[in-house]
Amino acid sequence: MEMFLELFVDDLGRSRAFYRDVLGLSVGRDEPDYVELRDGAARVNLCPRGELPGDHPVAPRAPRVGSRVELCFEVPDLAALERVAASAARCGARVVGGVT
């Protein structure tokens, strides 16, 4: 399983520059609405917060605005996803977004 941070930012360009130029992360995928940065096994994904669906937990229009961070787990297959979701539920957490 791979774990990474997904940060929802107001200014994708400034955020990309900060993580690349100040923190020294390498840019992987670089698209108009998504930037992936890496340093070894560490991965940070940047997404523009303003483009999230209104019901997304960290969207600007969501009833409950979060901290603009999601903790994401990438698993190799559906069975692993089901195990992680079941473990999260047993701990009182909920899985948001399903399979992407």
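Start by selecting Arg49. At 11% relative accessibility, Arg49 counts as buried (buried means under 20% relative accessible area, exposed over 50%, partly exposed in between, with a 1.4 Å probe and protein chains only).

Before moving on, note what is on screen. This is a predicted model, in which local features need pLDDT of at least 70, side-chain atom pairs count only at pLDDT 80 or more, and totals for chains, interfaces and linings use all residues. Residues are numbered from 1 along each chain as its sequence is written, and side-chain values use heavy atoms, with hydrogens and water left out.

**Stop 1: the partner of Arg49**

Add Asp10 to the selection. Its side chain meets that of Arg49 in a salt bridge, 3.3 Å from N to O. The term means a side-chain nitrogen of Lys or Arg within 4 Å of a carboxyl oxygen of Asp or Glu. Asp10 sits in the loop between strand S1 (2-9) and helix H1 (12-22), and Arg49 in the loop between strand S4 (42-48) and strand S5 (69-74), so the pair ties together parts 39 residues apart in sequence. Helices (H or I, at least four residues) and strands (E, at least two) are DSSP runs, numbered from the N terminus. Unlike buried Arg49, Asp10 is exposed, at 56% relative accessible area.

**Stop 2: more salt bridges**

The count of salt bridges comes to six. Select Arg20 and Asp21 for another one: 2.7 Å, N to O. Arg20 is partly exposed at 34%. Asp21 is exposed at 52%.

Now go to Glu36 and Arg38. Their closest N and O atoms are 3.4 Å apart, in a salt bridge. Is Glu36 buried or exposed? Glu36 is buried, with a relative accessible area of 12%. Arg38 is partly exposed at 28%. Add Arg43 as well: salt bridges with shared partners join Glu36, Arg38 and Arg43 into one network.

**Stop 3: the strands**

Show the backbone of S2 (26-31) and S3 (34-39). These strands run antiparallel and are joined by four bridges. Strands pair if DSSP finds at least two bridges between them. Pick Ser26: its bridge partner in S3 is Arg38. A hairpin through two residues joins S2 to S3.

Move along to S3 and S4. They pair in the antiparallel sense over five bridges. Asp39 has Ala42 in S4 as its bridge partner. This hairpin also has two residues between its strands, and Gly40 in the turn has a positive phi of about 65°.

**Stop 4: the core**

Select Leu7, Val9, Leu12, Tyr19, Leu25, Val35, Leu37, Val44 and Leu46. These nine residues make up the largest nonpolar core (a set of buried Ala, Val, Leu, Ile, Met, Phe, Trp, Tyr and Cys residues joined through side-chain atoms within 4.5 Å). S1, H1, S3 and S4 each supply at least two of its residues. In soluble globular proteins, nonpolar side chains tend to be buried together.

Centre on Leu25. Setting aside neighbours within four places in sequence, Leu25 is in contact (heavy atoms within 4.5 Å) with Tyr19, Arg20, Leu37, Arg38, Asp39 and Val44.

**Stop 5: a surface patch**

Finish at Leu23, in the loop between H1 and S2. Leu23 is partly exposed, at 45% relative accessibility. Which residues form a nonpolar patch on the surface? They are Phe18, Val22 and Leu23, with about 280 Å² of accessible area together. Patches take residues with over 30% relative accessible area and no salt bridge; like charges are joined within 9 Å, nonpolar side chains (Val, Leu, Ile, Met, Phe, Trp, Tyr) within 5 Å. Accessible areas come from the Shrake-Rupley method with a 1.4 Å probe; for residues, only the protein chains shown count as cover.
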